[in-house]
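Got your viewer open? Here's a walk through one structure, one selection at a time.

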Amino acid sequence: MERRDFIRDALAVASGAATLAAASRATAKELKIPEAGGSDPRDSRFWRHVREQFPLTDRRTYLNTGGLGASPQVSIDALQEKMNALEEISEVGHTHDLWQEIKSSAGRLLGCEADELAYTRNTTEGSNIVCNGLPLKPGDEVITTTHEHVGNTIDWLARQRRDGIVVKAFTPSMASAQENVDRIEALLTPRTRVLSLSHVTCATGQILPMQAIGELAAAHDLWYFVDGAQSAGMMPVDVKSWGCHAYATSGHKWLLGPKGTGLLYVSREAQEVIEPKFVGAYSAGGEWDMITTGEFAFVDTAQRYEYGTVNVPLFVGLGASMDFLLRIGMDNVWRRNHAMGAALKEGLNELGARVLSPQHAEEHSSIITFKIDNMPYQKLQRFLSREHKLRTRGIYEGGLNGLRISLHLYNDFDDVDRVLAGVREAMQA
Ligand SMILES: Cc1ncc(COP(=O)(O)O)c(C=O)c1O
C-alpha cells in the first residue's frame, strides 16, 4: 500500500479521534497498573487495563509496532513535562545522574550495565556506529541474512563499496534453528570477521538462535553484532548470555518510547575496538591537549558513542516507557505477545493462508508474516485497511511479498480475530 494512502487514512482516523484522545488523556494519568497480574496472557481484565494507558485510538486496529510503537500516556506526559520545565529555564537538562538512571532501566531490559549503553536516535544509527567503527580491511567478510531491514544492510553495503569488505548473506531457514547455525557455518572462511544478524527479523519475526550463533562467533573469534530493533520490549533480552559484542535497538518500536530514540549496547571489551567516528563533548573524558601533543581520551564507557546536544525530554520519555514495561514485567509482556502471535499463526494456518513465519513456537514471535494465493500483498493490505481498518505492513524484504502483523501488549485477541475475519473475506472475494 502507498505510504500516502496510509497517511490519508490515518489522518481521517486521527481527526475523528481527536476528542476521544483528549478525553483519554484526561484520565490516563489516574490509571494505575496493578502490581500483581499479567502472568495469564488471557487475563482480559488486566490487559484491557494496560490498553487504557495508551491514547492510541480504537477507530482502527494498529498492527504495526514493528514499524513504530505507540507510547503510553505516562511516557508522553513525562516527555511533555520535562520539555515544559526545560523551556522555562532554557537549559539542556542533561545531568550524569539522569543519564545513568535511564540507562539503568535500559540495562535491566537488555541484560547489561548502564555503562555499556549509548543513546542514539534509532537502530540504524547504532548499526552504523558498529559497522563503521570496526577495524576491517579490504577482503574481510561479514555474514548477514537476506531478511535484514535496509537499516542494517545499506551500512554494510556502503562499507563494501568504500572499503572493499565483502558482504555475504544467507536466507534464513524456517525449518530449524540449527539449520541457520549450519548456514552461517557454511559461509565461514578464513577472512570472516563479523556476524551481523537480527535477533528477531523484520521480515518474518523469526527468532534467530542468539546463543548458538554466539558460540559459533566465539569459536571463530568473530565480532558479533545483533540488530535488536524487533526484540527489545517485545520479549526479555539478555545480551550478555549471547556473548554478542554490540546490540542496537530503537526506542520507538517495542520499547514504546518517543520517536527518534535508540539504544546501543557495546560490551566493555568491544568499546576498545569499535572506534567512535562521530565524537564530541559527550564522548570526551578528562583533559585534551590541542596545542602540543593532540592527546585526548574517550570517556571510559559506551557514552563515547554520544557526541553533541540531544533532546533530553525524548530520553526522559523513553525512561518512562521502559519503566512502564518493567512494571508489567517482560516475562508477562512476552507471554501475552507470544500467545497472540501463536493464535494468529494457528488461525492463518486453518484458513489456508501461507504463513511465512516459522511454525515452531520457539522460533516465531509476535510478528507474523503471511500471504494468500493469487493476491499481491499490496492488494490484500489495501483491502484490510479500507474494509477492516487494519494497519499492517507489507514485506518486500527477501522477495517475500507478504503482509506483516505485529502484536504488542496494547493489542488483543479480538484484534487477532479481526485480522482472521478480514483475511477470510479476502480469500473468498
Ligand atoms: C530489524 C530492523 N532493523 C533496523 C530497523 C530500522 O529502525 P530505525 O528506523 O529505528 O533505525 C528496523 C525498522 O523497522 C528493523 O526492523
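What follows is a list of stops, each with something to select and a note on what you'll find there. Keep in mind throughout that this is a predicted model.

**Stop 1: the ligand**

Select the ligand and show the residues around it. There are 13 of them, and those that come nearest are Thr124, Asp227, Gln230, Ser250 and Lys253. Color that shell by residue type and you'll get two nonpolar, nine polar and two charged residues.

Now zoom in on individual atoms. Start with Asp227, where a polar side-chain atom sits 2.5 Å from a nitrogen atom of the ligand. Next, click on Gln230: one of its polar side-chain atoms is 2.6 Å from a ligand oxygen atom. Ser250 also puts a polar side-chain atom 2.6 Å from an oxygen atom of the ligand. How much of the ligand's accessible area does the protein cover? Taken on its own, the ligand has 390 Å² of accessible area, and the protein covers 89% of that.

**Stop 2: helix α5**

Select residues 123–133 to bring up helix α5, which is mostly covered, with nine of its 11 residues buried. The buried set is Thr123, Glu125, Gly126, Ser127, Ile129, Val130, Cys131, Asn132 and Gly133. To see what they pack against, add β2 (117–120), α6 (154–163), β6, β7 (246–250) and β8 (262–266) to your selection.

Before you leave, look at the N-terminal end of α5, which is capped by Asn122. A side-chain oxygen of Asn122 lies 3.3 Å from the backbone nitrogen of Thr124. You've met Thr124 already, among the residues that come nearest to the ligand.

**Stop 3: the cysteines**

Stay on α5 and pick Cys131, one of the buried residues of that helix. How many disulfides does the structure hold? Zero. Cys131 is in none, and the nearest cysteine sulfur belongs to Cys244, 16 Å away. Cys131 counts as buried because its relative accessibility is 0%.

Jump to Cys202, which is in no disulfide either; its nearest cysteine sulfur is that of Cys131, 17 Å away. With 4% relative accessibility, Cys202 counts as buried too.

**Stop 4: helix α2**

Select residues 44–51, helix α2, and show the side chains of Phe46, Trp47, His49, Val50 and Arg51, which are buried. Their packing partners are α11 (312–328) and α12 (330–351), so show those helices as well.

**Stop 5: helix α8 and the loop after it**

Click on Ala212 in helix α8. Is Ala212 buried, partly exposed or exposed? It is partly exposed, with a relative accessible area of 27%. Draw a C-alpha to C-alpha distance from Ala212 to Ala177 and you should get 8.8 Å, although the two are 35 residues apart in sequence.

Then move on to Asp221, in the loop between α8 (210–219) and β6 (223–227). Check its backbone: phi is positive, about 60°, although Asp221 is not a glycine. Most residues other than glycine have a negative phi. Asp221 is exposed, as its relative accessible area is 70%.

**Stop 6: one more positive phi**

Finish at Asn374, in the loop between β10 (367–371) and α13 (377–388). Asn374 is another residue that is not a glycine but has a positive phi, here about 65°. Turn on the surface and look for Asn374: with a relative accessible area of 82%, it counts as exposed.

Note on methods:
Residues numbered from 1 in each chain as written. Predicted model: local features only at pLDDT ≥ 70, side-chain atom pairs only at ≥ 80, totals over all residues. Heavy atoms only, no water. Near = heavy atom within 4 Å. Polar contact = N/O pair within 3.5 Å; in protein donor to acceptor, adjacent residues only side chain to side chain. Areas by Shrake-Rupley, 256 points an atom, 1.4 Å probe, with all protein chains shown as cover. Nonpolar A, V, L, I, M, F, W, Y, C, P; charged D, E, K, R; others polar. Disulfide = S-S within 2.5 Å. Buried < 20%, exposed > 50% of the residue type's maximum accessible area, 1.4 Å probe, protein only. Helix = DSSP H or I, 4+ residues; strand = E, 2+ residues; numbered from the N terminus. Contact = heavy atoms within 4.5 Å.
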